[in-house]
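Reader: I would love a close look at one part of this model, with its surroundings filled in as you go. Could you walk me through it at an easy pace?

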Amino acid sequence: MMDLKEFYAQIGGSFDAVLSRLCSESFVRKFVLRYKTDPTFEQLKAAVAVKDWESAFRAAHTLKGVAQNLDFGDLGRSAAALTEALRGPKPLEDYSLYESVVQAQTALTNAISALENG
């Protein structure tokens, strides 16, 4: 059974940091579980697929903000790097930055599923 502290350790975030912002464990859990319905990652994928760099920048920037507010450490860091690469907006030259976001998103959603089921 995974608890929130284990969840945050798994995703490279800080449970204590997010708890200090959201004030209650139940509130943190509510927003963590709600993240699965956030459309931002799918918007990023769609924009990158068609090389719409302005939309990709906006989606990466939004994803970074959500991830940082909820202290989704690995996703927040990778989304921040992608945001800076797209700022301008300019074409994505280093696709490993996007792949890093994809990997962090996958790890995050897997951890959320484990939290839900645990």
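Reader: To start, in which helix does Ala80 lie?

Author: Happy to take you there, with one note before we begin: this is a predicted model. Ala80 sits in helix α6, which covers residues 73–86. Leaving aside neighbours within four places in sequence, Ala80 is in contact with Lys64 and Gln68. For a sense of distance, take Ala47, 33 residues away from Ala80 along the chain: the C-alpha atoms of the two are separated by 17 Å.

Now for the helix itself. With 14 residues at 1.5 Å a residue, α6 should span 20 Å, and its end C-alpha atoms are indeed 20 Å apart, so expectation and model agree. Of those 14 residues, 10 are buried, so α6 is largely enclosed by the rest of the structure. The buried residues are Gly73, Leu75, Gly76, Ser78, Ala79, Ala80, Leu82, Thr83, Ala85 and Leu86. They pack against three helices: α4 (40–49), α5 (53–69) and α7 (95–117). Just after α6 comes Gly88, with a positive phi of about 140 degrees.

Let us step back to what precedes α6. The loop between α5 and α6 holds Asp71, whose phi is near 55 degrees, a positive value in a residue other than glycine. That deserves a second glance, because most residues other than glycine have a negative phi. Asp71 has a relative accessible area of 17%, so it counts as buried. Another residue of this kind is Cys23, with a positive phi near 75 degrees. Cys23 is found in the loop between α2 and α3, and with a relative accessible area of 67% it is exposed.

Helix α5 is one of the packing partners of α6, and it repays a look of its own. Its 17 residues should span 24 Å at 1.5 Å each, which agrees with the 24 Å between its end C-alpha atoms. The buried residues of α5 are Trp53, Ala56, Phe57, Ala59, Ala60, Leu63, Lys64 and Ala67. Lys64, then, is both a buried residue of α5 and a contact of Ala80. The buried residues of α5 pack against α4, α6 and α7. On α5 you will also find a salt bridge between Arg58 and Glu54, with the closest N and O atoms 3.2 Å apart. These two residues are 4 apart in the helix, about one turn. Arg58 is partly exposed, with a relative accessible area of 44%, and Glu54 is partly exposed as well, at 47%.

Next comes α4, where Thr40 is located. Thr40 has 4% relative accessibility and so counts as buried. Neighbours within four places aside, Thr40 is in contact with Ala59, Thr62 and Leu63; Ala59 and Leu63 are among the buried residues of α5. This helix carries a salt bridge too: the side chains of Glu42 and Lys45 meet at 3.6 Å, N to O. Glu42 and Lys45 are 3 residues apart in α4, about one turn of the helix. Both are partly exposed, Glu42 with a relative accessible area of 47% and Lys45 with 34%.

To place these helices in the wider fold, look at the largest nonpolar core, which has 37 residues; Phe7, Tyr8, Leu44, Phe72 and Leu75 touch the most other members. At least two residues of this core come from each of α1 (4–10), α2 (15–22), α3 (25–34), α4, α5, α6 and α7. Leu75 brings us back to α6, where it is one of the buried residues. Phe7, with neighbours within four places in sequence left aside, is in contact with Met2, Val32, Phe72, Leu108, Ala111, Ile112 and Leu115.

One more pair reaches across the chain. Side chains of opposite charge can pair when their charged atoms come close. The whole structure has 6 salt bridges, and one of them joins Glu116 to Lys36, with the closest N and O atoms 3.0 Å apart. Glu116 lies in helix α7 and Lys36 in the loop between α3 and α4, so this pair ties together parts that are 80 residues apart in sequence. Glu116 counts as partly exposed at 40% relative accessibility, and Lys36 counts as partly exposed at 39%.

Key. Residues numbered from 1 in each chain as written. Predicted model: local features only at pLDDT ≥ 70, side-chain atom pairs only at ≥ 80, totals over all residues. Heavy atoms only, no water. Contact = heavy atoms within 4.5 Å. Expected span 1.5 Å × (residues − 1). Buried < 20%, exposed > 50% of the residue type's maximum accessible area, 1.4 Å probe, protein only. Core = buried A, V, L, I, M, F, W, Y, C linked by side-chain atoms within 4.5 Å. Salt bridge = Lys/Arg side-chain N within 4 Å of Asp/Glu carboxyl O.
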